[in-house]
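I opened this entry to record what I looked up in one chain. The sequence and the model come first, then my notes.

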Amino acid sequence: MEGQKFDVGKLRWTLLPFKAVKEVVKVLELGAKKYSVDNWKKISKERYKDALMRHVTSYLMEEKNDEESGLNHLAHAVCC
């Protein structure tokens, strides 16, 4: 017998790939150490658009990790 749980239509957090989320947190930690916590809030959207495209295009050109950080380009792109 199974109990009732009224969770239809609610978010299914178990679908989230936590390994990928961990990579994003690593990028955020790097930024906090390199610059400061929440420094990203002080940067223009244009600069982040440029950074986003650098990471995405590097990934599309089959470069998995950022040369400077050693972390995944897609994790960097998420942070942008």
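My notes run from the whole chain to the pocket and then to single residues.

**Overall fold**

I am working from a predicted model. I started with the secondary structure. The chain has three helices and zero strands. Read along the sequence, the pattern is α-α-α. I then asked how spread out the chain is against a compact globule. The radius of gyration is 17 Å, and the globule rule gives 12 Å for 80 residues. The value is well over the rule, so I noted the chain as more spread out than a compact globule. I also looked up the span of the C-alpha trace. Along the principal axes it is about 55 × 30 × 20 Å.

**Burial, surface and contacts**

How much of the chain counts as buried? I found 15% of the 80 residues in that class. The accessible surface comes to about 7300 Å². Carbon and sulfur atoms hold 58% of that surface. Next I checked contacts with a separation of 6 or more. Residues 24 or more positions apart make up 51% of them.

**The largest pocket**

I looked up the volume first. The largest pocket holds about 820 Å³ of space. Three elements give two or more residues each to its lining: α1 (18-34), α2 (45-60) and α3 (73-79). Which helix gives the largest share of the lining? It is α2, with seven residues. In total, 27 residues line the pocket. Nearest its centre I listed Gly-31, Tyr-35, Tyr-48, Ala-51 and His-76. I then sorted the lining by class. It has 12 nonpolar residues, eight polar and seven charged.

**Two residues with positive phi**

I went through the backbone angles next. Most residues other than glycine have a negative phi. I wrote down two residues that have a positive one.

Asp-38 has a phi near 65°. I found Asp-38 in the loop between α1 and α2. Is Asp-38 buried, exposed or partly exposed? Its relative accessibility is 37%, so it counts as partly exposed. The class runs from 20% to 50%.

Glu-62 has a phi of about 70°, again positive in a residue that is not a glycine. Glu-62 sits in the loop between α2 and α3. Its relative accessibility is 76%, so I put it down as exposed. The cut-off for that class is over 50%.

**Two buried residues**

I turned to the helices and picked Ser-58 and Ala-75. Buried means under 20% relative accessible area.

Ser-58 is in helix α2. Its relative accessible area is 15%, so it is buried. What does Ser-58 touch, leaving out residues up to four places away in sequence? I noted Glu-63 and His-73.

Ala-75 is in helix α3. Its relative accessible area is 5%, so Ala-75 is buried too. Leaving out residues up to four places away in sequence, Ala-75 touches Glu-23, Val-24 and Val-27. I also looked up the distance from Ala-75 to Asp-50. The two are 25 residues apart in sequence. In space they are 15 Å apart, C-alpha to C-alpha.

**Recap**

I close with three items. The chain is three helices in the pattern α-α-α. Its largest pocket takes the largest share of its lining from α2. The two positive-phi residues I noted lie in loops, Asp-38 between α1 and α2 and Glu-62 between α2 and α3.

Note on methods: Residues numbered from 1 in each chain as written. Predicted model: local features only at pLDDT ≥ 70, side-chain atom pairs only at ≥ 80, totals over all residues. Heavy atoms only, no water. 1 Å grid on protein atoms, 1.4 Å probe; cavity = no way out; pocket = protein on both sides within 12 Å on 5 of 7 lines; lining within 4 Å. Points joined across faces, edges and corners; volume = space filled by probe spheres on them. Helix = DSSP H or I, 4+ residues; strand = E, 2+ residues; numbered from the N terminus. Nonpolar A, V, L, I, M, F, W, Y, C, P; charged D, E, K, R; others polar. Rg over C-alpha atoms; globule rule 2.2 N^0.38 Å. Buried < 20%, exposed > 50% of the residue type's maximum accessible area, 1.4 Å probe, protein only. Contact = heavy atoms within 4.5 Å. Areas by Shrake-Rupley, 256 points an atom, 1.4 Å probe, with all protein chains shown as cover.
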